[in-house]
Amino acid sequence: MRDILLIALFAFLGAAAAGALGALALCLLRRRSLTASLAVVASVAVGAMLAGTLAVAQAMFLSSHDLTVVTTVVAMAAVVSLATALLLGRWVVARSRELALAARSFGDGGAFAAPGVPATAELEELSRELAATSARLAESRDRERALEASRRELVAWISHDLRTPLAGLRAMSEALEDGVAADPDRYLRQIRSEVERLNHMVGDLFELSRIHVGALVLTPSRMSLYDLVGGALAGADPLAREHGVRLVGDRVEPVPVEVDGKEMSRVLGNLLVNAIRRAPADGTVAVAATRSAEGVVLSVTDGCGGIPEEDLPRVFDTGWRGTHARTPPAGAGLGLAIVRGIVEAHHGRAAVRNIPGGCRFEVTLPAAGT
């Protein structure tokens, strides 16, 4: 037993010396190729075995012939181990370079295409993660391009909508200043109307900017949709009478919700104003609120004749007003973008779909907890 322990001790000391040298080599080569590291690992394994063998042979006083045989066997094992390590290292490095080239493509704006040559499980997993990241980056680029296009359209439309009333205000103010206005009171009423419209436009821009930068602060409270819809219908009734549109709200259930009353009133007001302006004379705008499996669904239905299918995905985009809505009363195309921003801030969803003769805007909100 004592001999076995001595043999184990000498073998351990020899192997430990080889391992220490290998650790030092790995530390020095840690920034080099994986091939060099694998070669060091293989050399440490063979060197540890050889050092342990030589230490035991020296302690046991083996003959020179036996020592030569053992050394030759270990040397052959070292050659095979190093060759295998070098081949493995070169193969892994080649696969890594192919993966790096593929990753560079989507970093430059393209799509990631995984190398077709089989690789290790770790590299395969990395390839899958890069493919998923590439898909997310592509979606992000598409959203960024759409947002940039929307911003350009918004700037163009806002510039157009501001130029006309400002020119009118300047002309009327100059006429009043020069004393050539035939009806000063009518000019003053018109100036006030234009100023109110500009003030409303600036308010919409401010609200939209708060939504985009995440500065919209909500103060939710528990309330009934019945009361919320009733207030919105009362506020939109004068505009409906002016356009000859009938408002209907007899399908509203008293469903409790946790919302910011002021912001949700703005949502309903924007939807109602949008529906009233596009509904035909003697038409009807109906408001409904019901429970669903997803929560509470609030809908506003009009008889505008429908929205072209290709325009449906853009209805809630900033600045979108459709092809027929370029007149100033149609607004700056901010109302529906504000609707979506406020609804999403409430963890809800805004959608629109065509129905026979018109379209229906739906706002889905989480139901209030019991």
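**Exercise 1. Determine whether E263 counts as buried or exposed in this predicted model, and then describe its salt-bridge partner.**

Step 1. E263 has a relative accessibility of 6%, and because buried means under 20% relative accessible area, E263 counts as buried.

Step 2. The partner of E263 is R210, and in this salt bridge the closest N and O atoms are 3.6 Å apart. With R210 in helix α5 and E263 in helix α7 (residues 261-278), the pair links distant parts of the chain, 53 residues apart.

Step 3. R210 has a relative accessibility of 22% and therefore counts as partly exposed, whereas E263, at 6%, counts as buried.

Step 4. Salt bridges that share partners place R210 and E263 in one network, which also takes in E207 and R266.

**Exercise 2. Work out which parts of the chain are tied together by the salt bridge between R349 and E294, and classify the accessibility of both residues.**

Step 1. The closest N and O atoms of R349 and E294 are 2.9 Å apart, and a salt bridge requires a side-chain nitrogen of Lys or Arg within 4 Å of a carboxyl oxygen of Asp or Glu.

Step 2. R349 belongs to strand β6 (residues 349-355), while E294 sits in the loop between β4 (284-292) and β5 (295-302), so the pair ties together parts that are 55 residues apart in sequence.

Step 3. R349, at 43% relative accessibility, counts as partly exposed, whereas E294 is exposed, with a relative accessible area of 54%.

Step 4. For a further case, take R353 and E362, whose side chains meet in a salt bridge with an N to O distance of 3.1 Å; R353 is partly exposed, its relative accessible area being 38%. The structure holds nine salt bridges, these pairs among them.

**Exercise 3. Establish where the second largest pocket lies with respect to domain 2 and domain 3, and characterise its lining.**

Step 1. The second largest pocket has a volume of about 370 Å³, and its lining consists of 16 residues, of which L147, H212, F316, T318 and R340 lie nearest the centre.

Step 2. The elements that contribute two or more residues to this lining are α4 (121-178), α5 (184-212) and α8 (335-345).

Step 3. Sorted by class, the lining of the second largest pocket comprises seven nonpolar, four polar and five charged residues.

Step 4. Since domain 2 (149-213) and domain 3 (221-366) both give residues to the lining, the second largest pocket lies between them.

Notes
Residues are numbered from 1 along each chain as its sequence is written. This is a predicted model: local features need pLDDT of at least 70, side-chain atom pairs count only at pLDDT 80 or more; totals for chains, interfaces and linings use all residues. Side-chain values use heavy atoms; hydrogens and water are left out. On a 1 Å grid over the protein atoms alone, a cavity is a set of points where a 1.4 Å probe fits but cannot get out, and a pocket is an open set with protein on both sides within 12 Å along at least five of seven lines; lining residues have an atom within 4 Å of a point. Grid points are joined across faces, edges and corners, and a volume is the space filled by probe spheres set on the points. Helices (H or I, at least four residues) and strands (E, at least two) are DSSP runs, numbered from the N terminus. Ala, Val, Leu, Ile, Met, Phe, Trp, Tyr, Cys and Pro count as nonpolar, Asp, Glu, Lys and Arg as charged, and the others, Gly among them, as polar. Domain bounds come from an automatic or database domain assignment. Buried means under 20% relative accessible area, exposed over 50%, partly exposed in between (1.4 Å probe, protein chains only).
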